[in-house]
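Let's take a walk through this one together, from the overall fold down to the pairing of individual strands and the main pocket. Keep the structure open beside you as you read.

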Amino acid sequence: MDNCVCRIYNNCEGTGFFTKIPYKSKLLPVLITNNHVINQNDINNNINITFYINNDKKNIKEIKLDNKRLKYTNKELDI
């Protein structure tokens with residue numbers, strides 16, 4: 001998968017990667033990162049995160065977090 005590694009800017013700076021997972025006979029794109037970068041509190045507060053892919057600082061994207069899109073966080077596993 002091209003363009004899968006990203007740098008995330010939230011309350012802290014971190015990294016993540018995009019992949020696709022099977023769900024109800026579809027492949028859904030997902031962002032995987034650590035819980036200390038994006039956590040349930042961020043999702044509950046519907047914050048915006050910014051990121052850029054593959055170290056391309058000219059191609060900045062923004063995502064609004066919400067419970068419809070983000071499904072799972074785990075503080076103990078830091079995911």
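How many helices and strands are there in the protein? Keep in mind as you count that you're looking at a predicted model. The tally comes to one helix and five strands, and if you follow the chain along its sequence, they come in the pattern β-β-β-α-β-β.

On overall dimensions, the C-alpha trace spans about 30 × 30 × 20 Å along its principal axes. A compact globule of 79 residues would have a radius of gyration near 12 Å, and because the protein has 12 Å, the two agree. Buried residues, meaning those under 20% relative accessible area, make up 25% of the 79 residues.

Now for the sheet. The five strands form an open sheet, and its order is β3-β2-β1-β4-β5, with antiparallel pairing. At the edges sit β3 (26-33) and β5 (60-64), each of which pairs on one side only. Neighbouring strands are turned against each other by 35 degrees on average, if you ignore direction. As a reminder, strands of a sheet pair through backbone hydrogen bonds, in either a parallel or an antiparallel way.

Start at the β3 edge. Here β2, residues 13-23, pairs with β3 in the antiparallel sense over eight bridges. If you want a spot to anchor your view, find Thr19, which stands opposite Val30 in β3.

Then hop over to the β5 edge. Strand β4 (residues 48-53) pairs with β5, again in the antiparallel sense, over five bridges, and Tyr52 stands opposite Ile60 in β5. What do β4 and β5 form, and how many residues lie between them? They form a hairpin with six residues in between, and Asn54 in the turn has a positive phi of about 50 degrees.

That leaves the empty space. Rolling a probe the size of a water molecule over the atoms shows where such space is left. The largest pocket holds about 800 Å³. It's lined by 25 residues, and the closest to its centre are Val30, Leu31, Arg69, Leu70 and Lys71. You've already met Val30 as the residue that Thr19 faces across the β2-β3 pairing. The elements giving two or more residues to the lining are β2, β3 and β5.

Which element gives the largest share of that lining? That would be β3, with six residues. As for chemistry, the lining divides into 16 nonpolar, four polar and five charged residues.

How values were computed. Residues numbered from 1 in each chain as written. Predicted model: local features only at pLDDT ≥ 70, side-chain atom pairs only at ≥ 80, totals over all residues. Heavy atoms only, no water. Pairing = 2+ DSSP bridges. Helix = DSSP H or I, 4+ residues; strand = E, 2+ residues; numbered from the N terminus. Axes fitted to C-alpha atoms, helices over the stretch in contact; angles between N-to-C directions. 1 Å grid on protein atoms, 1.4 Å probe; cavity = no way out; pocket = protein on both sides within 12 Å on 5 of 7 lines; lining within 4 Å. Points joined across faces, edges and corners; volume = space filled by probe spheres on them. Nonpolar A, V, L, I, M, F, W, Y, C, P; charged D, E, K, R; others polar. Rg over C-alpha atoms; globule rule 2.2 N^0.38 Å. Buried < 20%, exposed > 50% of the residue type's maximum accessible area, 1.4 Å probe, protein only.
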